[in-house]
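Hi everyone, thanks for making time this morning. I'd like to walk you through a structure, so please have a look at the screen.

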Protein chains: 2
Amino acid sequence: MIGGGQLARMSAAPAAALGIDFAVLATSEGESAAQVVRRVVLGDHDDPQALARLAANSDIVTFDHEHVPPPMLEQLLDRGVLVRPGPDALRHAQDKWHMRQTLSQMGAPVPAWARVDHPGEVSAFAEDNGWPLVLKISRGGYDGRGVWVVENETQVETLMRQTPLVDAAVWLVEEYLPFEMEISAQVARSPHGQAVAYPVVRTVQVEGMCAEVVAPAPGLDPDLALEATDLALRIAQELDVVGMLAVELFVVSGRIVVNELAMRPHNSGHWSIEGAVTSQFENHLRAVLDWPLGDPRTIAPHTVMVNVIGPDHPIPPLHEAFRHVMARDPGLHVHLYGKSVRPRRKLGHVTVVGDDLDDVLDRAHHGADYLMGVIDE
Amino acid sequence: MIGGGQLARMSAAPAAALGIDFAVLATSEGESAAQVVRRVVLGDHDDPQALARLAANSDIVTFDHEHVPPPMLEQLLDRGVLVRPGPDALRHAQDKWHMRQTLSQMGAPVPAWARVDHPGEVSAFAEDNGWPLVLKISRGGYDGRGVWVVENETQVETLMRQTPLVDAAVWLVEEYLPFEMEISAQVARSPHGQAVAYPVVRTVQVEGMCAEVVAPAPGLDPDLALEATDLALRIAQELDVVGMLAVELFVVSGRIVVNELAMRPHNSGHWSIEGAVTSQFENHLRAVLDWPLGDPRTIAPHTVMVNVIGPDHPIPPLHEAFRHVMARDPGLHVHLYGKSVRPRRKLGHVTVVGDDLDDVLDRAHHGADYLMGVIDE
């Protein structure tokens, strides 16, 4: 697996259970997955020699993130390594311009959008779609980085002047959608075409970062849930995705609109470790190995996952909070990623599974809030 | 954790989730846990230097097996390392003579038993208890090794002559109990005295090895289940156990009788990975770290675990069977231990969780039987 973050770290458990010889390419010994996986190859994801070292001992390569340049993936293919998902599929998760073009061609529901090179083009787009608008860089953003809500041309000018475009990124502008809900539809798909769909979940983003996930999405119109699932399965097939695909969508005025794609295990699926029969991490591995996929269904009426995100204020070591949160709630599932505390950094998450949604929400938020030092009782 | 077997391997997942800096002492790079854990100390469990190397980087030491000689554990304590469970508790799992003495003193239900040095003493014991009898070596046995059912003094003479006693082991003789059921009561206990009890499970042993576990034990009189749980909690407290304790019991003529003790995660608790809110592996770690314990309750009416044991006949690599068992049953949970196939070796296990016991039993046995090459469809 290329990348040593928390997604690789959480993939280690099913890899061990399934007897998979699992290695990660990590940038340092201290990176999240490198702390817990036996076979670590040190190096950068955009260093051809590091990729070659990983590939030399791997039959199949997959990803913890989407940042490997496509030409380097082609080189891995040339070496006879199976790259899953392949570069052609992955490009849609690497480049929002490419994604928007393909989804538009498919007839998938997307916001009004345009590629722009100059602030004047954004203003022209605003004449049809009004302000505010969403300005994005097509490549390299994550967790809210590389996405801005803009109110006027002056803001656009400043942003476009101050933000360098690298790696063939382009500017995109999209209509601003005052959504009622954000949802995520996750599917796993194998090279031989089998696919399974997880229940559609509700996600809450704070400052562009995933904060809370509820599975299944409470209050979501069942027809829209089915539509989102169908769409995710169709995207997986048409883009030839192998592994997990997350389709992040807005619910706006009773319809769904695609926001983002991710082709790997995704924050909106962490709930599945405890809340589904087969977790997204196991199904990602089974898919990339072309093994039959596991049951994605829930084991209980409600599962809530809340991220533990580094606060702006200093907090004690997270383990010091365990005594309180574990004693208060023996059913709380705590996951830490082995990272030092920094503001706005995903440090871990908690999950609660149960029958009563309000209770499950309260418990998950209490656990996360206590770990983040937001509450102290 | 001292020992690099499958119990250490399965402990790695909750160790990573809880952000525990987890190391194993393994005899080789290829040992089960050494394949998947980042920090491996190579060496033997009875090599003081190897133990010192592990201890040099550990605050707390615990166990994958009971084979470390007590004086070496005392040396670790002298170095300031916390050893959990401690040598005084662990001795009861290391030496059946010690265990029988203590349980008898506690008034716990045990079979009639005696320490014997000569075949004639076994025959004298038979005068009160009849043949067959159970002859045991007090130390070093596992998975049916070191335990024999004997029918007459000639067999006893042969066994006692052919079997060397090492490590201060002694011979024990016990009455043979024609049990109706074997059960296991597992509890986790912390240094500060908190304890939680898993539901009592039914175990089926084949040739002295655990073959099947059903949680909770079907058909077990609820009063006996409560009695077994109370007894396990009492043993944990009186012996000052820290971590998981498994009390293996016979149900005979409507009463329970203690057969064995284990002070570590135990084969009778593997079902808890998917079938309980908090697994035995996580609760063992939480207990030895003196963190509050997790909820041991089941998440569904029935969980069945079946061991995958190396057959006497050659079989293809286990992964080749995945395509069939996973396609046939997407809800099957497969765990492999990374071991080469040898007869009578525990290679892995499968678990199924569900509402209908017969269905869950059928599915788990089908998965295990197919993996073991017992069936081919």
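I'll go through the domains, then a sheet with its helices, and finally how the two chains are related.

One thing before we start: this is a predicted model.

Let's begin with the layout of chain A. The chain is split into three domains: domain 1 covers 6-83, domain 2 covers 112-175 and domain 3 covers 181-371. Let's look at how domain 1 and domain 3 of chain A meet. Their centres, taken over C-alpha atoms, are 23 Å apart. On the domain 1 side, 17 residues are in contact with 16 residues of domain 3. Which element gives the largest share of that domain 1 side? The answer is helix H1 of chain A, residues 6-17, with seven residues. If you like to think in residue classes, the domain 1 side has eight nonpolar, six polar and three charged residues.

Now on to the sheet. In chain A, four strands make an open sheet, and reading across you get E5-E8-E6-E7, with antiparallel pairing. As a general reminder, strands of a sheet pair through backbone hydrogen bonds, either parallel or antiparallel. The edges here are strand E5 (113-116) and strand E7 (147-150) of chain A, each pairing on one side only. On average, neighbouring strands in this sheet are turned by 25° against each other, ignoring direction.

Zoom in on one of those edges. E5(A) is joined by four bridges to strand E8, residues 171-175 of chain A, and the two run antiparallel. If you want a residue pair to find on the screen, look for A:Trp113, which stands opposite A:Glu174 in E8(A).

Two helices lie across these strands. Helix H5 of chain A, residues 96-106, lies across E5, E6 (133-137) and E8, and runs at about 50° to E8(A). Helix H7 of chain A, residues 153-162, lies across E6, E7 and E8, and runs at about 155° to E7(A).

Last topic: the two chains. How do you lay chain B on chain A? A turn of 180° with a shift of 0.0 Å along the axis does it, with an RMSD of 0.0 Å. That is the relation of a two-fold axis. In chain B, the C-alpha nearest the axis belongs to B:Arg38, at 2.1 Å from it. As for the interface, 100% of the interface residues of chain B are also interface residues in chain A, so the copies meet through the same surface.

That's my tour, and I'm happy to go back to any view you'd like.

Conventions:
Residues numbered from 1 in each chain as written. Chains lettered and ligands numbered in written order. Predicted model: local features only at pLDDT ≥ 70, side-chain atom pairs only at ≥ 80, totals over all residues. Domains from an automatic or database assignment. Contact = placed C-beta atoms within 7 Å. Nonpolar A, V, L, I, M, F, W, Y, C, P; charged D, E, K, R; others polar. Pairing = 2+ DSSP bridges. Axes fitted to C-alpha atoms, helices over the stretch in contact; angles between N-to-C directions. Least-squares fit on C-alpha atoms with pLDDT ≥ 70 in both.
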